[in-house]
Structure formats: C-alpha cells, structure tokens
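Trainee: I am new to this structure and should be grateful for a close look at one part of it, with its side-chain contacts explained step by step. Please then place that part beside comparable features elsewhere in the chain.

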Amino acid sequence: MPSPSRRTVLATGSALGGGLLTGGLPTQAQASVDPWHTVLDDADLVWQRMPTTWYEGPYLGNGFLGSGIYADPDSPTRAVRFNVQHSEVQDHRPEFGSLFGLARLPIGYFTLEPVGTITGLDWRLGLRDAELTGTLTTDRGTLALRALVHTDRSVLAVEVTPSKGERGFRWVFHPADAISPRAASKPLPDGYRGNDPAQVAEHQGVFAAVQPLLAGGEHVTAWRERGWGTSRTLYVHVAHSHPRRTALGRALKEVRGASQLPYSALASSHRTWWNAYYRKSFLSVPDARIQRFYWIQLYKTASAARRDAPVMATCGPWLEPTPWPNTWWNLNVQLEYWLIHGSNHLELDAVTRALSEFRDNLAQETAQPYRADSLGIPRTTDPQLVNGAVSPLMGYGVGVPGQDPPTPEVGNLTWALHNVWLSYRHTMDERILRDVLYPLLRKAINYYLHFLEPGPDGKLHLPPTFSPEYGGNSRDCNYDLMLLTWGCRTLLESAELLGIEDELTPRWREVLARRVAYPTDANGFMIGADIPFAKSHRHYSHLLAIYPLYELTGRTPDERALIERSLAHWVGFEGALQGYTFTGAASMSALLGKGEDALAYLGELMSRFIQPNTMYKESGPVIETPLSAAQSLHDMVCQSWGGIIHVFPALPAAWADLTVHNFRTQGAFLLSAVREDGVTRWVRLVSEAGAPCVVRHGIAGRIDVRDERGRALRYKDLGEGTVQLALRKGESATVTARGDHPDLTIAPVHPNAQAPRWGLPPLTDA
C-alpha cells in the first residue's frame, strides 16, 4: 500500500473540516459517519427524573449569561426553575471588600408553571447544539420545550409547545435580593446592607426588572414572551451598568431585537458556532464514562468562558448560594483554564486578557512601599482584579512576607502568570510574551526580591509566607520558593528570546544559583522550613514544582523517589481531601508514567465527588475541579514539558485503543495520533510556528517519518523512542513503524464496557 498522498489528506480535510486525516476509509458507511457527531451525541446528558438542585440539572451559558434548570424548591411538582445569572453583575462598594462590597449579585429566576401537576419528564442536553430539548408531562398534558443561551446575542430563549390541556401554562419572574451570597453564611460587615429591591414594569410589551445599586448603576433583566404558531417563546436578556444607569435601554433593545426571530432562527446561528467549536480537536478513549465526562467539560468550559468575558468566578456564570461569590486566584482560576490549551481552545483565554487589561489595578493590591516596581494579586478579586478592603471576613489581600495580618499569601500572581506562559508556549505568539508575560512576571518576581535575604548558610531565604490553604506561615515556604524559581528561570529565557538586556538579569541568575533548597523531610516536601506536612490537606501548594511547573520531573532516581514519597504522603491523610486533590494526584502520576494510578485517582474523583450533571461542590458550588479532571486526562494522553512532546505517556493497560486529533502542544504543534491493540500506530505533528520539534513517539523499533506529500523526512534519533524533527511553519510530519501503512482515519474507539449517561437517567441505568 502506498504512503498517504497529499491529495487524499487534503481532500478529506477539505470535505470534513478540522484537518481530518485519512488513508482511505474502509467502507462507504464509515465515510458517512462524522466522528464529532458520534462522540458528542453519545455524551448528551439525559433526565428522566426531575432534577432538584443545580448539581443535578441542565445548565446553559455563553460566558456571560447562565441558566441552571431544576425543580422549584418551593413547589417541586408545580414549577420548574430557570435561574438567570450573569458573570458581569456585581456590586461596586470596595469599602466592604471583594466578598461583600464587590461580590457577584444574584439576579433571580423564572418559573415555568404548568396548568397541571408534574408527573414526569424526558430531557436531553444536546452537547453538539448546546441546547436543552424534551418534554415535561403533567396530569393535564405535555409541554415540549427547547432552550438555549445564545452564544452571541446573550439571550436565554425557551420555546414551549403545549398540548391542549397545558395551553394555560405561564412564566413568572422572581427577582432575587441583591445582596452578597456570603451574607447567608457569614456575619455582615459593619455598615453593609443589601441593595434596594428591584422594580418590575412593562415597557411597550417588554417587561423589565430594574435592580438599582447603592453604589450607582443598575442591572436589568428584560423579557418578552411571544407566540409562534402553537408555540410560545420566552426571550430574556440581562444588562449591567455602573456608575451610570444605562442598562435598561440596552436590555430592552436586545429583547426586542431577539424576539423578532423565531426560536429556530436563533438556534441556527447558535448551532453553527458550537459545531465549529468542537471541531478544533478530538479525543476518544475506551472508557465510556470518562469520554462522556470529557466532552461535557468542553461544553461546560465554552458555556462558562470567553476571552472577553470575566475570568471565571468559583461558580462560572451561574450563581448559586455560595460563601465564595467572586474570583479565587490561589488555585481555582489556574485549574479552570488549563484544559483550553491541549483542547485547542485559546479563544476562551480570559486570564491573559484580564491580567493585561487590569494590570494597573494589580499594582494597587501590593503595600504602598512596593507599588512602584511590584505587582501582586489577592486571593479574591472582582472581574477587574480589585479586592477592595482587606479582612478575613471581606476579602484577602496580597500581604507582606514576614508580616501577619494580612495573611502573607504572595505567590498567586506568579502562579496565574504560569497560565499566561502556557498560552504563549502553546501558540508561540510573541505578543503574549512581550506585552503581557514578561512585564507582569518581572514585577511579580520583583516583589519577592524585596524580601529575599542571605542566611548564615550563604543561601537566599524568604521570610514567613503562607502556603494555600494549609494554615500557618513558614520561612522558605515551598509554594513561594517553587514559584520564585520558575519565575526567575522563565524571565531569563524570555529576555533572551526577546533580545532584552535587563538590568535584573544578574539578580535572577543569583536567585537560581543561591536559592535555599526546597525544604524536605523523611516524608517528602514540607510546607516550609518551619512546618512539616503533617495533616490532611486538599491543596498541592507545596508540590507545585512537580505539577504544574514541571521543575521536578523524576530525571534521577532520587528525584523520582522524592516525588513518589511526597505524593503518597500528601494523599495518605484522609479527612480534608477534596476533588481537586485527586485531579492533582492523577496528573502527578501521569508525569511519572503511572497510568493505572492516574486512572484510579480519576475513579476516586468520579465516585466520591462528581455530581450527576458533572458539577462539583464543597461548602458551595465550585467549577474548577471537573475542568481540571479534563486536564488530568490530557496529561495521560500527551505532555509537552521540557521541550519534548510525550505521546501517550501514561495510559492504563485497559486503554488499548485511543484516538487524539489536533491536540495542541507546547511549541504550537497540533498532534494527531492513534493507538490500536496497545500499539501506537501513527503520530502526526503540524507545526504552526516553526519551533524546535522533539517528540517521544512511543513507536517500537525502526520508524518512517514522512511529510504531507508522503516523502521521507530526515530526522535525528535521540534514543528512547524520541526523534528531533526540522519542521518549518505550516509543515507536518507523520511517524509510523518502518514499512507500516496504517489507516489515518480519525474515528471514535469502541468502549470497553457500557456506562450510564450523565444526568438523571432511569434508576435502572444509573
């Protein structure tokens, strides 16, 4: 069989989109099957029992407007609640801190109230179209519904087609009290009170609930119901303004415009966006439950994030009762956005955009003596990266090393900038490096340099700082030492790439040369020099050098033993472990090539923490853990640290078959690869930037490397299944076993076993 020709590859890519590869499909039937349709339709969530909480029900969103759907708690057999929340809706009273005065504010909810008593339902959240469809059954008839939050118009549209006995159904809007959700679980700061009640009025056929804010401005929920044949469609839009009160006009305009279109017309453009979104990458594994979970996380991420939307708060755009009504920067944000890189969805990167846009606010979050040359980000901020007043009740500031109060938690900005670095490395977009990462990281590291001092041992030491969220301050805190080390190394590399002769270069080199060793004991990494790791702790703040920084990777037997010892000791304490403990442990196991362990940790996460709709909760809803589980799966399938692309580095034995396509790696490569019967059949890399390319392909024995025309390519064999390729921008290389001519079709793999769908399927299937 000849090697795949350029004609075959390009023709198939042109016909099906997404750079799909083929060496000739085996049958006409297979040629008609769309792999994205197959995996997405299989991953749809279903409900044949009524969801009673946000953790059980469907959810819709577009990064701004969000709606969670479940039985109305006050009348579960008589009404269905459609929550209406918005990521931009917040208070503006910084004197009460980010958790009260700048907190996200609840907006309200609609109830769909049938004529009869609800007796059953059959719903499906279709991932491919980001649309809820189905039927609500009552003792008086049925209500067929379709619902979406439009990706561009930011309108919640719900079409209901009633049977004869249900034609009298109605929609009712219930404004929420505009007060910080934290007020339900914490005492109110002195002088703080909720905003005045919303006022509801009709404006020439459009209703609006206008919520005035004590600080000035307003948020407005506008809606209109319109009949189309036998159906009625509800159109809802939310607008926010501060300090001026301009939201009402915008909200009315959006609803009037959207309501000129029938539901099907809105759905058409909405579906076009979502269908294109998914086609940017592809992943199929033989574990049906995990594969479905993965595609749901891609749906959830695009429902919760956009580049121009606020950085995801703890709940995403949805807001339920929570003690954490804002954005958290000591783990949550970082974990929320990791999956966008491998899945090839940099269009969702709000972190890089927000840190750049609001950098001046970050200077104000450090103590006055350091603002000229330093930056920091507090544990908690609003969408503009402002924390406001600092106290354990109202919001956590950056702090000063060696002082308490406030808690000296100072490494969060450096960790957030690691996400920015990942965006740079996965795109090789020099603008990110030059305009965002380098200037911000320089000032974040400069904050550390103010406090770094030589000790009697001649090493450089840090005064006491705080390791999230262990408790207590320690000298030479590993959280900060590890971030400081990564930061100095990254600044040196960045300055060289940018051709900058920075006056701080000698200082950064000195830090790397003289920095005290990371504190360890017989159990592995300590919290810091003064605090051993000696209790159950959900956070891996003391292990960042292992993951996600990849500063320590097990290059030597001693280093590997230290990682293994630290990991085992960390997860060995039950009591305070939470879901993201197990996603972190899975990714660290994947680093060590332990696919069975990684899968076991994900299994613990699924069985102990993940809710029926794949959401997650601790003391309140938090969104980061399921999203970070998708990244753990990425880490099992591909890693690209240290200048090497590692293909299938940590697969469990049961995953003998696997397909990945257009997985984005560091160096701006798009990876496609297929594994069959426990053997990697082929690996393909497309270079988007012409960066150096080293790949550990995992194909045993001698290999062939060919370009997009099927011509042999020269390569350098580095041993251990690793080769170095010279690819210019736009060029590709396909690696196969010598003489092998595999089918290059991208297709789902068969599951090893059946699994229940996510949602609330019949009890017999759950």
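Mentor: In this predicted model, glutamate 131 has a relative accessible area of 5% and is buried. The cut-off for that word is a relative accessible area under 20%, so a value of 5% places glutamate 131 among the buried residues. The side chain of glutamate 131 meets that of arginine 271 in a salt bridge, with 2.9 Å from N to O. Glutamate 131 belongs to strand β7, which covers residues 131-138, while arginine 271 belongs to helix α6, which covers residues 263-278; the pair therefore ties together parts that are 140 residues apart in sequence. The two partners differ in their surroundings: arginine 271 has a relative accessibility of 25% and counts as partly exposed, whereas glutamate 131 is buried. Nor does the pair stand by itself, for Asp129, Glu131 and Arg271 are linked in a network of salt bridges.

The principle behind such contacts is simple. Side chains of opposite charge can pair when their charged atoms come close. The structure holds 38 salt bridges, and two others may be set beside the one just described. Glutamate 676 forms a salt bridge with arginine 681, and their closest N and O atoms are 2.6 Å apart. Here glutamate 676 is partly exposed, at a relative accessible area of 32%, and arginine 681 is likewise partly exposed, at 21%. In the other example, arginine 711 is joined to aspartate 707 by a salt bridge whose closest N and O atoms are 2.8 Å apart. Aspartate 707 is buried, with a relative accessible area of 10%, while arginine 711, at 48% relative accessibility, counts as partly exposed. The upper limit for partly exposed is 50%, so arginine 711 at 48% remains within that class.

Charged side chains also meet aromatic rings. The charged end of arginine 289 sits over the ring of tryptophan 758, at 3.4 Å from the ring centre. Lysine 617 provides another such contact: its charged end sits over the ring of tyrosine 55, 4.8 Å from the centre.

From charges over rings one may turn to rings beside rings. A pair of aromatic rings is described by the distance of the centres and the angle of the planes. The structure holds 39 aromatic pairs. One of them is formed by phenylalanine 110 and phenylalanine 173; this pair is tilted, with 4.8 Å from centre to centre and 45 degrees between the planes. Phenylalanine 110 lies in strand β5 (residues 108-113) and phenylalanine 173 in strand β10 (residues 170-175), so this contact ties together parts that are 63 residues apart in sequence. Both phenylalanine 110 and phenylalanine 173 are buried. Tyrosine 518 and phenylalanine 525 form an aromatic pair that is edge-to-face, with 6.3 Å between the centres and 65 degrees between the planes. Planes over 60 degrees apart count as edge-to-face, which means that the 65 degrees of this pair earns that name. Tyrosine 518 and phenylalanine 525 are both buried.

The cysteines require a separate remark. A disulfide is a covalent bond between the sulfur atoms of two cysteines. A search of the whole structure finds zero disulfides. Cysteine 488 illustrates the point: its closest cysteine sulfur, in cysteine 477, is 16 Å away, too far for a bond, because a disulfide needs the sulfur atoms within 2.5 Å. Cysteine 488 is buried at 0% relative accessibility, and cysteine 315 is buried at 1%.

Finally, the backbone offers a sheet to trace. Six strands form an open sheet with antiparallel pairing, in the order β15-β26-β27-β28-β33-β30. Its edge strands are β15, at residues 282-284, and β30, at residues 703-706, each of which pairs on one side only. From one strand to the next, the twist averages 20 degrees. Strand β15 runs antiparallel to β26 (residues 658-665), and three bridges join the two. Within this pairing, serine 284 stands opposite threonine 659 of β26.

Another point to locate is alanine 350, which lies in helix α10, residues 350-357. Alanine 350 counts as buried at 0% relative accessibility. Its C-alpha atom is separated by 17 Å from that of methionine 428, which is 78 residues apart from alanine 350 along the chain.

Definitions and conventions: Residues are numbered from 1 along each chain as its sequence is written. This is a predicted model: local features need pLDDT of at least 70, side-chain atom pairs count only at pLDDT 80 or more; totals for chains, interfaces and linings use all residues. Side-chain values use heavy atoms; hydrogens and water are left out. Two strands pair if DSSP finds at least two bridges between them. Helices (H or I, at least four residues) and strands (E, at least two) are DSSP runs, numbered from the N terminus. Axes are lines fitted to C-alpha atoms, for helices over the stretch in contact, and angles run from 0 to 180 degrees between N-to-C directions. Rings of Phe, Tyr and Trp (its six-membered ring) pair if their centres lie within 6.5 Å; planes under 30 degrees apart count as stacked, over 60 as edge-to-face and the rest as tilted. Buried means under 20% relative accessible area, exposed over 50%, partly exposed in between (1.4 Å probe, protein chains only). A charge sits over a ring if NZ of Lys or CZ of Arg is within 6 Å of the ring centre and within 35 degrees of the ring normal. A salt bridge is a side-chain nitrogen of Lys or Arg within 4 Å of a carboxyl oxygen of Asp or Glu.
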